[in-house]
Amino acid sequence: MENKVKPNGNATLTVGGKSTELPVYSGSVGPDVVDIGKLYAQTGMFTLDPGFTSTASCESQITYIDGDQGILLHRGYPIDQLAENSSFLEVCYLLLHGELPNAKQSKDFVDAITRHTMLHAQFDRFFEGFRRDAHPMAIMCGTVGALSAFYHDSTDINDPAQRTIASHRMIAKMPTIAARAFKYSTGQPFISPRNELDFASNFLRMSFAVPAEDYKVNPVLARAMDRIFILHADHEQNASTSTVRLAGSSGANPFACIAAGIACLWGPSHGGANEAALQMLQEIGTVDRVPEFVKKAKDKSSGFRLMGFGHRVYKNYDPRAKVMQKTCHEVLKEVGHEADPLLPVAVELERIALQDEYFIEKKLYPNIDFYSGITLKAMGFPTSMFTVLFALARTVGWIAQWQEMITDPTQRIGRPRQVYTGATQRDYVPMAQRK
Ligand code: SDX
């Protein structure tokens, strides 16, 4: 990656009467940054920013979010335009290569991914090691990490050809692994990928077909699935992407880095929120109980939060949530679930929250996880599979960010410091002298 930040003067930090000049840089859009890389050497001080609310960890050219405007761009293209006009594999190409593919590039990329969808025959035994009731995300963490044991020939991060093969293998095999995690939990036999099917149709068939009869992919659901994958593909330096970058900064192999991202995504504050949001809607149950839960969410002592609401960056409506809401209605109509009792609960919860002073003042809006659960449930997925689908789609974003980090000439191993408030040095106390 070629660094493209532009110098834009200096910031002066004055502490204890001593001033230090720190360079300021501008990106192509978004906030300027103060480069504090030399702050410790020049002042003997660290900065402190738990949660990294004001800290840029890297330069990136992949995804830009304007949280105040509710804008999400992938290589400059707005998410709503990509969701409407593109396909998931075309968005994968865009994220990885920086430009939309021409017809030949698109065909070659789709062929490359299609030909990597099968898993090593011995790999299926990994699933046998899990209990049938294992959470599919636990299976994903374990099996994706194990890919490096099977595909050791694409783990040299300094070889661009191996980085490309490893990237294609993970994008292609995640749907096969995800479908197997689902099938394993149901006790049904695994279904192999079919090369004549598109990415989303292949995944739906591997998830829902049974050997006892033919399976016809519903084109409306396939389009919805593909669009849902587009919505989840990348999201700049979120927690799981930052985990992948930090793991990758040590030189860890790509499969291990993606497995680390999956583990981080599983948290209910992050990718696990789609599962938690549906469970919350099920707990609310009926429209008349919505005010009770809104009240609870506003009461800090309750420890309860509206899952699928709020975002570190978006202080406006998550643009992905708007597309997800539209997709939700399309899917419910197609499967005849317009009467899903959870939909009016979600709509009422959103209506009340968007007009409530607490949510307005804290700028809490529905995020991508708010409507995804109802949609995925209507498509036939159990709640436990929701974050698996998020990880399936986000794999390309993690890989694109990992590739960018590996090829960034300024990249070094990530090693944050701390402000220490523990015991200062003291001598060992023999047992006989302890109280
Ligand atoms: C994803 O980073 C990404 O890009 C993530 C993601 C991606 O694509 O990778 O977009 C995917 O993770 C979406 C977010 C999914 N998580 C949830 O829906 C869980 C519920 N939301 C939150 O817990 C929370 O909003 C976060 C984790 C999403 C953001 O947390 P922040 O930025 O650290 O904000 P905060 O916890 O400091 O909250 C700010 C205030 C607090 O009140 P005060 O201390 O200021 O009085 O808002 C309140 C919070 O109590 N608040 C909520 C709330 N979210 C924040 N109150 C009620 N319900 C909520 N959902």
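Buried means under 20% relative accessible area, exposed means over 50%, and partly exposed lies in between. These terms are used in the legends below, which describe close-up views of a predicted model.

**Figure 1. A salt bridge within helix α14 joins Glu330 and Lys326.** The side chains of Glu330 and Lys326 meet with an N to O distance of 3.5 Å. Both residues belong to helix α14, which covers residues 319-335, and they sit 4 residues apart, about one turn of the helix. An α-helix has 3.6 residues a turn, so residues three or four places apart point the same way. Glu330 has 29% relative accessibility and therefore counts as partly exposed. Lys326 is likewise partly exposed, because its relative accessible area is 40%.

**Figure 2. A salt bridge within helix α15 joins Glu348 and Arg351.** The closest N and O atoms of Glu348 and Arg351 are 2.7 Å apart. Helix α15 spans residues 342-355 and holds both partners, 3 residues apart, about one turn of the helix. Glu348 is buried, with a relative accessible area of 18%, whereas Arg351 counts as partly exposed at 44%. Elsewhere, salt bridges that share partners link Glu84, Arg227, Lys326 and Glu330 into one network.

**Figure 3. Asp318 and Arg320 form a buried salt bridge.** Side chains of opposite charge can pair when their charged atoms come close. Here the side chains of Asp318 and Arg320 meet at 2.7 Å, N to O. Both residues are buried. The structure holds 17 salt bridges.

**Figure 4. Ile368 is a buried loop residue.** Ile368 lies in the loop between α16 (357-361) and α17 (369-378). With 2% relative accessibility, Ile368 counts as buried. Leaving aside neighbours within four places in sequence, Ile368 is in contact with Leu231, His232, Asp318, Arg320, Ala321 and Met324. Two of these contacts, Asp318 and Arg320, are the salt-bridge partners of the preceding view. Phe293 is 75 residues from Ile368 along the chain, and the C-alpha atoms of the two are separated by 20 Å.

**Figure 5. Helix α4 crosses helix α7.** Two packed helices are described by the angle between their axes and the distance between the axes. The axes of α4 (residues 103-114) and α7 (residues 160-186) come within 8 Å and cross at roughly 70°. That angle makes α4 roughly perpendicular to α7. On the α4 side, Phe109, Ala112 and Ile113 take part in the contact, and they meet His168, Ile171 and Ala172 in α7. By class, the contact of α4 with α7 has 5 nonpolar residues, 1 polar residue and no charged residues.

**Figure 6. Helix α12 crosses helix α17.** The axes of α12 (residues 273-284) and α17 come within 8 Å, with a crossing angle of roughly 75°. This places α12 roughly perpendicular to α17. Residues of α12 in the contact include Ala273, Asn274, Ala277 and Leu278, together with Met280, Leu281 and Gln282. In α17, their counterparts are Asp369, Phe370, Ser372, Gly373, Ile374 and Lys377. The contact of α12 with α17 divides into 7 nonpolar, 4 polar and 2 charged residues.

**Figure 7. Helix α8 is largely enclosed by the rest of the structure.** Helix α8 covers residues 199-208, and 8 of its 10 residues are buried, so the rest of the structure largely encloses this helix. The buried residues are Phe199, Ala200, Ser201, Asn202, Phe203, Leu204, Met206 and Ser207. Their cover includes α3 (88-97), α4, α7, α9 (219-231) and α18 (386-406).

**Figure 8. Strands β4, β5 and β6 form an open sheet.** Strands of a sheet pair through backbone hydrogen bonds, either parallel or antiparallel. The 3 strands of this sheet follow the order β4-β5-β6, with antiparallel pairing. β4 and β6 (77-78) stand at the edges, each with a single partner strand, so one side of each has no neighbour in the sheet. Strand β4 (residues 63-66) is joined to strand β5 (residues 71-74) by 4 bridges. Within this pair, Leu72 in β5 is the bridge partner of Ile65. β4 and β5 form a hairpin with 4 residues between them, and Gly70 in the turn has a positive phi of about 70°. On the other side of β5, 2 bridges join this strand to β6, where Tyr77 stands opposite His74.

Conventions
Residues numbered from 1 in each chain as written. Predicted model: local features only at pLDDT ≥ 70, side-chain atom pairs only at ≥ 80, totals over all residues. Heavy atoms only, no water. Axes fitted to C-alpha atoms, helices over the stretch in contact; angles between N-to-C directions. Parallel < 35°, antiparallel > 145°, perpendicular 65-115°, else oblique. Contact = heavy atoms within 4.5 Å. Nonpolar A, V, L, I, M, F, W, Y, C, P; charged D, E, K, R; others polar. Salt bridge = Lys/Arg side-chain N within 4 Å of Asp/Glu carboxyl O. Buried < 20%, exposed > 50% of the residue type's maximum accessible area, 1.4 Å probe, protein only. Pairing = 2+ DSSP bridges.
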